[in-house]
Number of protein chains: 2
Amino acid sequence: MGFWKSIFSSPDTASASRTIPFEEYTAVGASPRPNTQAKIYFSTDRNIDLYELEELCDAVGWSRRPIRKVKKAIAHSFIVVSMWEVRGTRRRLIGFSRATSDHAFNATVWDVVVHPEFQSKGLGKALMKYLIKKLRSHDISNITLFADPHVVEFYRGLGFMSDPEGIKGMFWYPN
Amino acid sequence: MGFWKSIFSSPDTASASRTIPFEEYTAVGASPRPNTQAKIYFSTDRNIDLYELEELCDAVGWSRRPIRKVKKAIAHSFIVVSMWEVRGTRRRLIGFSRATSDHAFNATVWDVVVHPEFQSKGLGKALMKYLIKKLRSHDISNITLFADPHVVEFYRGLGFMSDPEGIKGMFWYPN
């Protein structure tokens, strides 16, 4: 399986499927093409086709970013997690997330994306749980992110708290 | 001057002294010991005495953190800025801040501290402006941080916005 982690078969990722039994879930036809054998895999390999990633980001309506800068950002992220639908020898990038970190205390999650066709199936949750597990395995205890209003509840469901003890997320942009 | 940057003499840091003329400021006795010649310098050198840094953090009442982890966090930060009071050949660490980053789009500022004796003199502002300038020189356009309630106004004064467009800072801690 190499760097691939199947949320179906790996006991290592059991926590990711605690709430939703993915194996059963896809078996009952949750996949957009239920008649073909499809499995969902996670990977922490950074060697991602950046044009495929761009396509995924396009699909959710994100503004385009220079490929050169995306490459640099991936290279300098602490952890990169991609999510794939695999059918036989074909694989398709259906999710992505990454985190920056000081490798000791804090991590910040960026660019969480799940392809629209694969949303509302618990896969975003599984992706995030996988990322959190990876960060925890590196002893990172403070995992942070900046959530758009429509995903605040999604992250709350994963155990993230907004403004704990009045701590405010703040942004500085160039004028 | 090497890696040192004096906010008194360097035209490079003119923006840091836009609102408060440090040269004049210290000349009129802002230093705790106004009768001695003191200058304030910034440095991006990571080779900081970690016990001196711990002392600084103790002075503002932060909980102690393992030196080993602090060392790792500094090594893996994108930019580290320290602030020093220099009198003749003696130097004293009076401020610190660091930022993690993906080296492309985002940076997150952590561990901003100014020694209590040197607070309320505009030095925290100068330290942050110096850090922002360094991040901007690396073409980072999204600078983020998590501000405790009592420093939200301080960061607002520097141009940081809290919850822009409803974006919420969120935290995940282990149970």
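Which residue of strand 8 of chain B does A:Ser162 stand opposite? In this predicted model, the partner is B:Met170. Strand 7 of chain A and strand 8 of chain B, residues 168-172, pair in the antiparallel sense. Two bridges join them.

A:Asp163 lies in the loop between strand 7 (161-162) and strand 8 (168-172) of chain A. Its phi is positive, about 45°, although the residue is not a glycine. A:Asp163 counts as buried because its relative accessible area is 17%, under the 20% cut-off. The side chain of A:Asp163 forms a salt bridge with that of B:Lys168, at 2.6 Å from N to O. Six salt bridges are counted between chain A and chain B.

The interface also holds 24 residue pairs in polar contact. On the side of chain A that touches chain B, strand 6 of chain A gives the most, with six residues. By class, this side has 23 nonpolar, 14 polar and 12 charged residues.

Each chain brings 49 residues to the contact: 49 from chain A and 49 from chain B. About 4,700 Å² is buried between the two chains. Carbon and sulfur atoms give 62% of that area. A:Phe105, A:Met170 and A:Trp172 supply 19% of the area that chain A buries against chain B, more than any other three residues.

A positive phi also occurs in chain B. B:His103, not a glycine, has a phi of about 65°. B:His103 sits in the loop between strand 4 (90-101) and strand 5 (106-114) of chain B. B:His103 is partly exposed, with a relative accessible area of 22%.

Terms used
Residues numbered from 1 in each chain as written. Chains lettered and ligands numbered in written order. Predicted model: local features only at pLDDT ≥ 70, side-chain atom pairs only at ≥ 80, totals over all residues. Heavy atoms only, no water. Helix = DSSP H or I, 4+ residues; strand = E, 2+ residues; numbered from the N terminus. Buried < 20%, exposed > 50% of the residue type's maximum accessible area, 1.4 Å probe, protein only. Contact = heavy atoms within 4.5 Å. Buried area = accessible area lost by both parts, 1.4 Å probe. Salt bridge = Lys/Arg side-chain N within 4 Å of Asp/Glu carboxyl O. Polar contact = N/O pair within 3.5 Å; in protein donor to acceptor, adjacent residues only side chain to side chain. Nonpolar A, V, L, I, M, F, W, Y, C, P; charged D, E, K, R; others polar. Pairing = 2+ DSSP bridges.
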